[in-house]
Amino acid sequence: EKKGGTSRVIAGKTGLAMSRSIGDWDHGKVGVIPDPIVDVIDIQELRGDVERRLCHGNAEGATTDDEGDNETSCKSSGKVHLFAISATDGLLDEMAPDVFAYRIGHSLYKEEAPHILPTFDAIVVEAAEGWGARYRDDIAIAVSKIATL
């Protein structure tokens, strides 16, 4: 990489800009990793985890069995909002996913929270500042609401 240039993998006479490497299996032999990182989440398992966290230690709505232990049938009145985030490594290298997921979740679902666009701006600026004076990777983020359970 030249100072001020772009990150590229050169194979013969062709070059590949790294921001466009997903799915480019032909360049795998020269170091490109074409497979995106994908997390698959079981929605029902997630719902159960959220309900357990909402009920844990919450006397309201939780019942006890004969030994005084909280039953696993604690009923929660909380809603679970599911949304998907797609982010580039320029963001993921500088900010933990749970940090920006929390901010985005609040912007999407809390009335008193800032609108989603200023939230995106703040996340991108914070990640860019984390890169400092060194080369800064591309930073992009996309969000999609999925469901409310």
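1. Some vocabulary to start: a residue is called buried when its relative accessible area is under 20%, exposed when over 50%, and partly exposed in between (1.4 Å probe, protein chains only). On that scale, I116, T119, F120, I123, A127 and W131 are the buried residues of helix α4. Viewed down the axis of α4, these residues fall within an arc of 120° (taken from the directions from the helix axis to the C-beta atoms), so they line one face of the helix.

2. A word on what you're looking at. This is a predicted model, where local features need pLDDT of at least 70, side-chain atom pairs count only at pLDDT 80 or more, and totals for chains, interfaces and linings use all residues. Numbering runs from 1 along each chain as its sequence is written, and side-chain values use heavy atoms, with hydrogens and water left out.

3. How far can you trust it? pLDDT is the predictor's confidence in each residue, from 0 to 100. The chain averages 76, with 70% of its residues at 70 or more. Among the elements, α4 has the highest mean (94) and strand β2 (residues 14–17) the lowest (61). Over residues 58–66 the pLDDT is below 50, though the stretch still has 13 contacts in the model beyond near neighbours in sequence. Where pLDDT is low, the predicted coordinates should not be read in detail.

4. The overall layout is 4 helices and 4 strands, in the order β-β-α-β-α-α-α-β along the sequence. Both kinds of element are DSSP runs numbered from the N terminus: helices are H or I, at least four residues, and strands are E, at least two. Of the 149 residues, 23% count as buried.

5. Back to α4 (residues 116–131). At 1.5 Å a residue, its 16 residues should span 22 Å, and the end C-alpha atoms are 23 Å apart, which agrees; the expected span is 1.5 Å times one less than the number of residues. Cover for its buried residues includes α2 (89–92), α3 (97–109) and β4 (141–148). L117, D121 and E129 are exposed on the face turned away from the buried side. Just after the helix, G132 takes a positive phi of about 65°.

6. E94 deserves a look too. It sits in the loop between α2 and α3 and counts as partly exposed, at 27% relative accessibility. Leaving aside residues up to four places away in sequence, E94 touches A127, G130, W131 and R134, where contact means heavy atoms within 4.5 Å. The C-alpha atoms of E94 and I139 are 10.0 Å apart, with the two residues 45 apart along the chain.
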